[in-house]
Amino acid sequence: MECNCFEPQWPADELLMKYQYISDFFIALAYFSIPLELIYFVKKSALFPYRWVLVQFGAFIVLCGATHLINLWTFTMHSRGVEVVMTTAKVLTAVVSCATALMLVHIIPDLLSVKIRELFLKNKAAELDREMGLIRTQEETGRHVRMLTHEIRSTLDRHTILKTTLVELGRTLSLQECALWMPTCTGLELQLSYTLRQQNPVGYTVPIHLPVINKVFSSSHAVKISPNCPVARLRPAGKYIPGEVVAVRVPLLHLSNFQINDWPERYALMVLMLPSDSARQWHIHELELVEVVADQVAVALSHAAILEESMRARDLLMEQNVALDLARREAETAIRARNDFLAVMNHEMRTPMHAIIALSSLLQETELTPEQRLMVETILKSSNLLTTLINDVLDLSRLEDGSLQLDLETFNLYALFREVLNLIKPIASVKKLHVSLNLAPDLPEYAVGDEKRLMQTILNIVGNAVKFSKEGSISITAFVAKSESLRDSQAPEFFPVPSDNHFYLRVQVKDSGSGISPQDIPKLFTKFAQTQSTATRNSGGSGLGLAICKRFVNLMEGHIWIESEGLGKGSTAIFIVKLGIADRLNKSKLPFMSKVSTNHGLTAFPGLKVLVMDENGVSRMVTKGLLVHLGCDVTMVSSSDECLRVVSQEHKVVLMDVCVPGIDGYDIAIRIREKFTKRRERPLLVALTGNTDKVAKENCMRVGMDGVILKPVSLDKMRSILSDLLEHRLLFEAI
């Protein structure tokens, strides 16, 4: 069977339609992509001169693309030739459109890098020039600010600061006039205080509540104001066109030196005027310069005011220091004069007291009639009271100037109370008073404190009890104060603090004497107090005793008070003092202190060779009389050279006054120690002096002396001294 089929010369219709469809799609795609590229170009090249041409070309291409896109749905049957031509045209259009789109991708960067880039760079260069000009202006402004700040702060005188500010601003900104208005003391007006050209009289005032002033004060920037406003009328009237005027506020950060009061915010007003008959105007950088200078002026004025105040305070402080230094030197001179006077009076008074007491005690040992013995005992009693008064005056003087310090040592507390009892009993027996001593079982035997001051306090209190009691009894009670008995409601300032290292000793002295009225009790601790009771007046008052007792008790961190139910009902003196607890080591190293006692093993010292050196002839004779009465072999000298020549190994004791004007007793002691190299061959060196200064005792110990004895010395005291000295070879009486 024969087939009539033949291979077609051209592609089938379906294939042609397929090619057209694909071509239309790519043509539309290319048409729509080209406008997007043009839009990108226009956006990136804002200075492109043919922007509207590109917009029109893009719109044309979009329309063409839309036509081809619509054509996808409008295909109709055509002859083969027409279809071939249409297909060929569309293929060529697609190829050219895609090539154009691809070409534009490469052309756009070239266009941007040639002519258009050149215009862009020119515009950028012009913009950079403007920025550089602004930077140069700012640098120039900064330079002017630094220069003005340096000139302003080169002085701390506020008048110079303000005048310099006007001068430098006028020179820098070429101003016609510059002025500063300062607030008055009332705060209601501004006063023309400083001007550059001084064309207006200084002192002219304007109300502070003017609208233009409120406008400037309410702004932190420089404000342009009218040349015709009151604060801007800085030149005499004339036929000229005034220049522009600006005003700026100047904060017054420190106001005391401007004599301004009761105004919360204070400002001065600075007015600046450009030259007249000129077209010059204020530039921004000039206004900024004015604002910065106003702030710098405010800071400089604050510093100047603070400096003025500090200088005034310094001058006042210097005046006060000069006055205080003068007062201090006067006080020191007065204290030295008083101390020198007391030292001289102490020595000079103790020397005759030594003679009186010594000779009276010697006279008491002789055969006397009852009337004579009573007179001698009265002399001794009065002399002892006078000695106590001398000691009290010296102690009070030291207490008042703060030079008295406690001498803390370990001592026997029981022995101290027994000695007080032995001392007071003979005086109380004269008035037929019974004196009892009660020591609590828990009272420690040894304590650490100032034994002499404690004994002096107890003796003063017990002595007052004896003094103001005509009959009856006196009881002395001592015990360790418990916590509940430490506080006294009448002394809230007394705060005892218990501790394991110390305890509080409570001493009560109760008498059956005349008693004290309650209103008189606070007066008892004042010097030479005398109450209203007849018994007290007859007894002569309390003297210095209780006043000194109170000072001693305060030094020992204690408290003292007196209780009495009234006149005729007796009284009780109570004091509490703080004492340290003695350990075993301290007990084993107790220093020996001389105690005046009548019970000694030796009552006479036959053949004991004693050398006495004293420049005072009366004192030498008195001391010799005491020693001779005790059986001693006495040699007397009046100078240091004679003492060094006479002293020998035969002398067992050398009594010398080391505080004699013109004689260096300490040097004599050193030379005597050098003369006798062996301790057994050297005599005991003892200072017999009327100087109660603690430094004298320390100097005696420093040069190696064996003891210090204070004048006056009675026969019993001399007997006790020699007995203790020979037994212990050491004796330092408490000072």
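Which helix holds both Arg328 and Glu332, and how many residues apart are they? They both sit in helix 7, 4 residues apart, or about one turn of the helix. Keep in mind that this is a predicted model.

## The charged network on helix 7

Let's stay with that pair. Arg328 makes a salt bridge with Glu332, and their closest N and O atoms are 2.9 Å apart. Arg328 counts as partly exposed at 40% relative accessibility, and Glu332 is partly exposed as well, at 32%. The pair doesn't stand alone: salt bridges with shared partners tie Asp325, Arg328, Arg329 and Glu332 into one network.

Another link in this helix is the salt bridge between the side chains of Arg329 and Asp325, at 3.1 Å from N to O. These two are 4 residues apart in helix 7, so about one helical turn separates them. Arg329 has a relative accessible area of 43%, which makes it partly exposed. Asp325 is partly exposed too, with 26%.

## A salt bridge on helix 4

Across the whole structure, a search turns up 17 salt bridges. One of them joins the side chains of Lys124 and Glu127, with 3.9 Å from N to O. Both residues belong to helix 4 (residues 115-153), where they are 3 residues apart, about one turn of the helix. Lys124 is partly exposed at 40% relative accessible area, and Glu127 is partly exposed at 33%.

## The chain as a whole

Zooming out, the chain's secondary structure adds up to 19 helices and 19 strands. Of its 735 residues, 44% are buried. Take the contacts between residues at least 6 apart in sequence: 72% of those join residues at least 24 apart. The accessible surface of the chain is about 40,300 Å², and carbon and sulfur atoms account for 59% of that.

## A cis proline and a distant partner

Now for some backbone details. Lys711 and Pro712 are joined by a cis peptide bond, with omega at about 0°. Pro712 is in the loop between strand 18 (707-710) and helix 19 (715-728).

Lys711 also has a sequence-distant partner to look at. Pro352 and Lys711 are 359 residues apart in sequence, yet their C-alpha atoms are 9.4 Å apart in space. Pro352 lies in helix 7 (residues 284-364) and is partly exposed, with a relative accessible area of 39%.

## Positive phi in two loops

Lys432 has a phi near 55°, a positive value in a residue other than glycine. Its place is the loop between helix 9 (413-430) and strand 8 (434-439). Lys432 counts as exposed, at 74% relative accessibility.

Glu557 is another residue other than glycine with a positive phi, again near 55°. You'll find Glu557 in the loop between helix 13 (545-555) and strand 12 (559-563). Its relative accessible area is 47%, so Glu557 is partly exposed.

## A positive patch on the surface

Which residues gather in a patch of positive charge on the surface? They are Lys652, Arg673, Arg679, Arg680 and Arg729. Lys652 comes from the loop between helix 16 (640-646) and strand 16 (653-656). With a relative accessible area of 46%, Lys652 is partly exposed. Patch members need over 30% relative accessible area and no salt bridge, and Lys652, at 46%, has the accessible area for it.

Methods: Residues are numbered from 1 along each chain as its sequence is written. This is a predicted model: local features need pLDDT of at least 70, side-chain atom pairs count only at pLDDT 80 or more; totals for chains, interfaces and linings use all residues. Side-chain values use heavy atoms; hydrogens and water are left out. Patches are made of residues with over 30% relative accessible area and no salt bridge: like charges are joined within 9 Å, nonpolar side chains (Val, Leu, Ile, Met, Phe, Trp, Tyr) within 5 Å. Accessible areas come from the Shrake-Rupley method with a 1.4 Å probe; for residues, only the protein chains shown count as cover. A salt bridge is a side-chain nitrogen of Lys or Arg within 4 Å of a carboxyl oxygen of Asp or Glu. Lys and Arg count as positive and Asp and Glu as negative; His and the chain ends are not counted. The place of a charge is taken as NZ of Lys, CZ of Arg, CG of Asp or CD of Glu. Buried means under 20% relative accessible area, exposed over 50%, partly exposed in between (1.4 Å probe, protein chains only). Contact means heavy atoms within 4.5 Å.
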